[in-house]
Amino acid sequence: MQAIQNHSDNYSAQNSVKPVNFYYAAPQAYSVEITGDFNHWHPFPLQRLMDGWWFARLELSHGHHQYRFLEDGQPRLDPHAMGSSLDEHNERVSLIAVG
């Protein structure tokens, strides 16, 4: 007998994604990237804005995520993050909750 799939599972909060805007102020930086558990810690470039801020919009799933910025290759915490914690390498990372 075949199990009946609950189609409401496809629309649960765990399966939804939301656009999240990330901003980072670094007017003297040559490059700024974001890396986190949501992209398997692979750096993703931010766009330089005219006023010295950097920007990226990412689609993140529901839940809590760890991330950090890379300013010219150097890890930086997000001063506007919801908090911070230690990752699996005992390094400080920023936290964001997506609901």
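These legends accompany close-up views of a predicted model.

**View 1. The whole chain, built from strands.** Let's start with the overall picture: the chain has nine strands and zero helices. Reading along the sequence gives the pattern β-β-β-β-β-β-β-β-β. Of the 99 residues, 33% count as buried. The chain exposes about 6900 Å², and carbon and sulfur atoms supply 53% of that area. If you like contact maps, here is a handy figure: among contacts with a separation of 6 or more, 60% are between residues 24 or more positions apart.

**View 2. Strand β9 and its partners β6 and β8.** Which strands pair with β9? One of them is β6 (residues 63-71), which meets β9 (residues 92-98) in the antiparallel sense over five bridges. G63 has V98 of β9 as its bridge partner. Strand β8 (residues 83-86) also runs antiparallel to β9, and four bridges join the two. Here S85 has V93 as its bridge partner in β9. Follow the backbone from β8 to β9 and you pass through a hairpin with five residues between the strands, where N90 takes a positive phi near 65°.

**View 3. H65 and its surroundings.** Now zoom in on H65, which is found in strand β6. Is this residue buried or exposed? H65 counts as buried because its relative accessibility is 8%, under the 20% cut-off. Its side chain makes a polar contact with the side chain of D37 at 3.2 Å. The side chain of H65 also reaches the backbone oxygen of S61, at 2.8 Å. Leaving out residues up to four places away in sequence, H65 touches D37, F38, L60, S94, L95, I96 and V98. In this list, V98 is also the bridge partner of G63.

**View 4. N39 in the loop between β2 and β3.** The last stop is N39, in the loop that links β2 (32-36) and β3 (44-45). Although N39 sits in a loop, its relative accessibility of 16% is why N39 counts as buried, the cut-off being under 20%. What does the side chain of N39 reach? It reaches the backbone nitrogen of G36, at 2.9 Å. Beyond its neighbours within four places in sequence, N39 is in contact with I34 and F44. For a sense of the fold around this loop, look for L60: it is 21 residues from N39 along the chain, and their C-alpha atoms are separated by 9.3 Å. L60 is also among the residues that H65 touches.

Terms used:
Residues are numbered from 1 along each chain as its sequence is written. This is a predicted model: local features need pLDDT of at least 70, side-chain atom pairs count only at pLDDT 80 or more; totals for chains, interfaces and linings use all residues. Side-chain values use heavy atoms; hydrogens and water are left out. Buried means under 20% relative accessible area, exposed over 50%, partly exposed in between (1.4 Å probe, protein chains only). Contact means heavy atoms within 4.5 Å. Accessible areas come from the Shrake-Rupley method with a 1.4 Å probe; for residues, only the protein chains shown count as cover. Two strands pair if DSSP finds at least two bridges between them. A polar contact is a pair of N or O atoms within 3.5 Å; within protein, one must be able to donate a hydrogen and the other to accept it, and residues adjacent in sequence count only if both atoms are side-chain atoms.
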